[in-house]
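Biologist: Before we use any labels for this protein, I would like to hear what each of them rests on. Please show me the model and take my questions in turn.

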Amino acid sequence: MTIQTVPLNKITPPADNPRRAIDPTALDGLAQSIKTDGLLQNLVVRKKGRRFEIISGERRYRALSLLAEQGHIETDHPVPVEVRAKVSANDALRLATVENVQRVQLAPMDEAEAFARMVTDGAELADVAAKAGVSEATVKRRLAIAALCDEAKEAVRNDNVPLSVAEAMTLGTADQQREVLARFEAGYHYDADDVRGWLTDAKPSVALAIFPIEKYSGTVTSDLFADDDSTFFDDAEQFLALQTEAVEALAEQHRQSGAAFVEVVTDYHVSWWQYESIGDDEEGEDGEAETDEALGVVIHFPPSARVEIREGLRKRPVRQSVTEAVAEGPAPVKPKPEYTTPLLRHMAAHKSIAVMEALLANPRTAKEVAVIQMMQGYDFTSRMKLDPHPALGMFAADDDQPTGYRAIAREAEETASALGIEDKRQGYAAPSRGAWETLLCGSKDPVALYEAVKALSDSALDQLHVLLTALCFGQGNMDALDTGDSLFNRVAADLDVRMRDHWRPDAAFLSRRSKEQLAAIARESGAAACLGGVGGYKKGELVKALERFFTRAAEGDEKLPAEAIEKANAWLPGGMAFPAVSADTPPSEDATEAEPTAEDEQDGEAIAA
């Protein structure tokens, strides 16, 4: 190996590097280290025209470039390099992957795609594991997530989905993976076991069966207006026994037909990179494959029981360069960790209890931790996760938002700004519907958030706690009237919430009432007298007339009688009370029914007519 120096400005980054994510903070730390102690390890490059392209050492190169930008070194600063001759693009990628894995850990998704490209190029699992110094099990896990749909990969890169959930998502189809992502985006919280169960616990579909359906003696559940995909076997155990029997018979049939090999894979994934298919591009003039070699068959029979058969396969040969590279001396397997998993749990439990006891003696810090967990600043292991009340989402895009919503949104914006919290969702994720959603949803840097919360005054911390609580509290079931002695109604009564101070009948409410109900509203609110009766109005006209009447009354229009203004501003439907009251709810024992007036009878006759 010969080391020489070349000017920094003659070096170019690699055209293809498995490391796509480089932590700016770590890069700055590396630059400071080089500034203090110099470059302790040379770069590996290859000659490309008049310049030198990096094979390994891109982080060191970027750190040197940062020092040059800051004026600490010259742009032509001499850099020690090892020049590798006759290195192909594939070999450069392999060396860069191994170098990255053995030094600073690649992001999981970058590592996965790098390993996938290596095995596709001819390396076996053992080769990749040996050169990278990891176990074959780790390589398999990374290769599995490399097959995720693009949206799922992007979510993993942006830390919107934890790695454990991403691994569980590999059990589903691309559409199922997107559905899991949509559920995360909607605010649901799933761990890996939840996702795994959802993808694997469904009843088997009739469409999966490769055996004659008449062999099945159990019952089925069927949608008469759908195809077989919507018809399911109720006896999953009998289905699996028949499916297994059919797979075994199919494998024996291929063996008898002279296949070079027949493999039945029962894992969730097949290492398809180990095989290559003899396709149309290798056919002769008669349409037959131009090979005397006997070809094999792989039958994929995963726990989902969906059988996939691939014929005409040949095992992919391992490139000689890969074999020689491994023979040079594989990297040693990483040493066993100092602490086993059970011991880690034991120590973590003792440390957690100690911190809990300390929090009991420090209410201020406990409140700081509480609001951080409420804002999901404690990554995906947080035991305290809150969802914004759905009422907030109903008004987020409205042009005419309630004054209460605007007040809440304004305080949420000021709080998020004070804490330095921004909506950073990317990829498939939709932008936040408001600062209130940004505060409660999406992962945040827990340490940075803790420092920001610690800087708050006691009163500001109390108000933050109040805001986060308020964002999540409201009527429990929004699809039904809350007519009981619920917590929601109790709190509203104690706070003396009067809905006529917050709401007046508008088109959204009035247009959803029937003509008869609108006439009753007109009588009860005093609008009927001001409108000269309501019998001659069509429903749409009556909606607009009532909306104008309530608006004029709220503004104190002097053209309206004082009595009408008073009645209009006091009118409230029973559904807006705490608790709600409606005709569907039995009246209380002391409730009395008002005697009909002459005006009521006149309007009733007009409506009947």
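Biologist: Why is Arg-178 called partly exposed?

Modeller: First, this is a predicted model, in which local features need pLDDT of at least 70 and side-chain atom pairs count only at pLDDT 80 or more, while totals for chains, interfaces and linings use all residues. Residues are numbered from 1 along each chain as its sequence is written, and side-chain values use heavy atoms, with hydrogens and water left out. Buried means under 20% relative accessible area, exposed means over 50%, and partly exposed is in between (1.4 Å probe, protein chains only). Arg-178 has a relative accessible area of 35%, so it is partly exposed.

Biologist: What makes Arg-178 and Asp-175 a salt bridge?

Modeller: A salt bridge is a side-chain nitrogen of Lys or Arg within 4 Å of a carboxyl oxygen of Asp or Glu. For Arg-178 and Asp-175 the N to O distance is 3.0 Å. Both residues lie in helix 9, 3 residues apart, about one turn of the helix. Helices are DSSP runs of H or I with at least four residues, strands are runs of E with at least two, and both are numbered from the N terminus.

Biologist: Why is Asp-175 called exposed?

Modeller: Asp-175 is at 58% relative accessibility, so it counts as exposed.

Biologist: Which other pair in helix 9 meets in this way, 4 residues apart?

Modeller: Glu-179 and Arg-183, again about one turn of the helix. Their side chains form a salt bridge at 3.3 Å, N to O. Glu-179 is partly exposed at 37%, and Arg-183 is partly exposed at 24%.

Biologist: How do you know that Arg-157 and Asp-110 link distant parts of the chain?

Modeller: Arg-157 is in helix 7 and Asp-110 in helix 4, 47 residues apart. Their closest N and O atoms are 2.5 Å apart, which makes the pair a salt bridge. Asp-110 is at 2% relative accessibility and therefore counts as buried, whereas Arg-157, at 28%, counts as partly exposed. Salt bridges that share partners join Asp-110, Glu-113, Lys-153 and Arg-157 into one network. The whole structure has 23 salt bridges.

Biologist: Why does Arg-500 have no salt bridge?

Modeller: The nearest side chain of opposite charge, Asp-501, is 7.6 Å away, and a salt bridge has to be within 4 Å. Lys and Arg count as positive and Asp and Glu as negative, with His and the chain ends not counted. Arg-500 is nevertheless buried. It lies in the loop between helix 20 (487-494) and helix 21 (507-510). The side chain of Arg-500 reaches the backbone oxygen of Asn-569 at 3.2 Å. Contact means heavy atoms within 4.5 Å; not counting residues up to four places away in sequence, Arg-500 touches several residues, including Pro-505, Phe-550 and Trp-571.

Biologist: What makes a set of residues a nonpolar core?

Modeller: The members are buried Ala, Val, Leu, Ile, Met, Phe, Trp, Tyr and Cys residues joined through side-chain atoms within 4.5 Å. The largest such core has 30 residues, and Val-128, Val-139, Leu-143 and Met-169 have the most contacts inside it. Helix 4 gives the most to this core, with 6 residues. Leaving aside neighbours within four places in sequence, Leu-143 is in contact with residues including Ala-112, Phe-115 and Trp-273. Apart from this core lies another, of 25 residues, among them Ile-372 and Trp-436.

Conventions:
A polar contact is a pair of N or O atoms within 3.5 Å; within protein, one must be able to donate a hydrogen and the other to accept it, and residues adjacent in sequence count only if both atoms are side-chain atoms.
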